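Before you go further with this model, here are some notes from a reading of the structure, set out as numbered points. Please keep the sequence and the structure side by side as you read.

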Amino acid sequence: MVFRRKILPEVVGAGTGAGALIDTFAAVWKLPQGIPVVAALGDNQASILSTSEYPDEEIYLTLGTGAQLTVVVDKVQLRGMPTITSMEIRPYLDGKYLAVAAPLCGGQAFAWLADTVQSWLRELGLPELPEYELFRKLDALGAASETSSLKVKPNFLGERHDPGMTGSIDHIRLDNFSLGGLAAALARGIVANMKTMIAPELLQNRQRVIGSGKRDQAARSNPEDDQAGICSAAYGEGRERGGSVRRRHPRQLHCSMNLNIKARD
């Protein structure tokens, strides 16, 4: 099959202008005429665009079903960097790139814990808890168990670079396997997993973390934890629209990233 090239639209870069809404469809859709039409972005790129303020200073954390730890970089930063199979390099705007750690199990790992609690309640013949109440209790129990020695690797779905990876719970003793300890260790493990998947030099000299996602269970930490820092965070309902309303939030990030980051005033 042969297509005449003139019937195809001009190829433009993501996030750049592609034209304007023509009068015919403006009338059909009851929209103002001439609205600019912009070439689509990926959801990761859109979430960064909508939440970033100082891209060279920020780290972007998205928690949804999966998770993404992202920094904006340029060609100079990428030049000479060894290949890291767990880190993705994605195109971004203005000639920049996104270096991304994107584990398959992010928020879904915490949802796994909640689902497991519900299944145990069913097996015991006890009533299940409403979802919101259950997550609230897991948050509270985890926050009260920051010193737990449990270690959780949340690779429950494998990873893109290693599909055979599995999750694990380590350092179990007779006296430390509590629900709160497991919640705290899982929250730490979710973000620690992302940290291992990205080049550590790309995290240096960053001043703060911007968080977005449906839930923030894994974004809680004890203020006394010297590995956590106060973050400026944007919370919303999804990656591509979660940062559409940006707000300052004095919330610690439960990330064990060895960052001493403080929110801007």
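1. In this chain, 67% of the contacts with a separation of 6 or more are accounted for by residues 24 or more positions apart. Please bear in mind throughout that the model is predicted.

2. As for the overall make-up, the chain has six helices and eleven strands, and buried residues make up 43% of its 265 residues. The accessible surface of the chain comes to about 15,100 Å², and 55% of that surface belongs to carbon and sulfur atoms.

3. How many aromatic pairs does a search of the whole structure find? The search finds three, and two of them are taken up here, with the reminder that a pair of aromatic rings is described by the distance of the centres and the angle of the planes.

4. One of these pairs is formed by Phe110 and Phe135, whose rings lie 6.2 Å apart from centre to centre with 20° between the planes. This pair counts as stacked because the angle between the planes is under 30 degrees. Phe110 belongs to helix H4 (residues 107-123) and Phe135 to helix H5 (residues 131-143), so the pair ties together parts that are 25 residues apart in sequence. Both Phe110 and Phe135 are buried.

5. Helix H4 also supplies a partner to another aromatic pair, since Trp112 lies in that helix while Phe156 lies in the loop between strand S7 (151-153) and strand S8 (168-170), so that parts 44 residues apart in sequence are tied together. The pair of Trp112 and Phe156 is tilted, with 4.7 Å from centre to centre and 45° between the planes.

6. Are the two residues of this tilted pair buried or exposed? Trp112 has a relative accessible area of 32% and is partly exposed, and Phe156, at 31% relative accessibility, also counts as partly exposed. Each value falls in the partly exposed class because buried means under 20% and exposed means over 50%.

7. A further residue to inspect is Asn176, which is found in the loop between S8 and helix H6 (179-196). With a relative accessible area of 8%, Asn176 is buried, because that value is under the 20% cut-off.

8. Which side chain does the side chain of Asn176 meet in a polar contact? The partner is the side chain of Ser149, at 3.0 Å. When its neighbours within four places in sequence are left aside, Asn176 is in contact with Ser149, Leu150 and His171.

Key. Residues numbered from 1 in each chain as written. Predicted model: local features only at pLDDT ≥ 70, side-chain atom pairs only at ≥ 80, totals over all residues. Heavy atoms only, no water. Phe/Tyr/Trp six-rings, centres within 6.5 Å; stacked < 30°, edge-to-face > 60°. Helix = DSSP H or I, 4+ residues; strand = E, 2+ residues; numbered from the N terminus. Buried < 20%, exposed > 50% of the residue type's maximum accessible area, 1.4 Å probe, protein only. Polar contact = N/O pair within 3.5 Å; in protein donor to acceptor, adjacent residues only side chain to side chain. Contact = heavy atoms within 4.5 Å. Areas by Shrake-Rupley, 256 points an atom, 1.4 Å probe, with all protein chains shown as cover.
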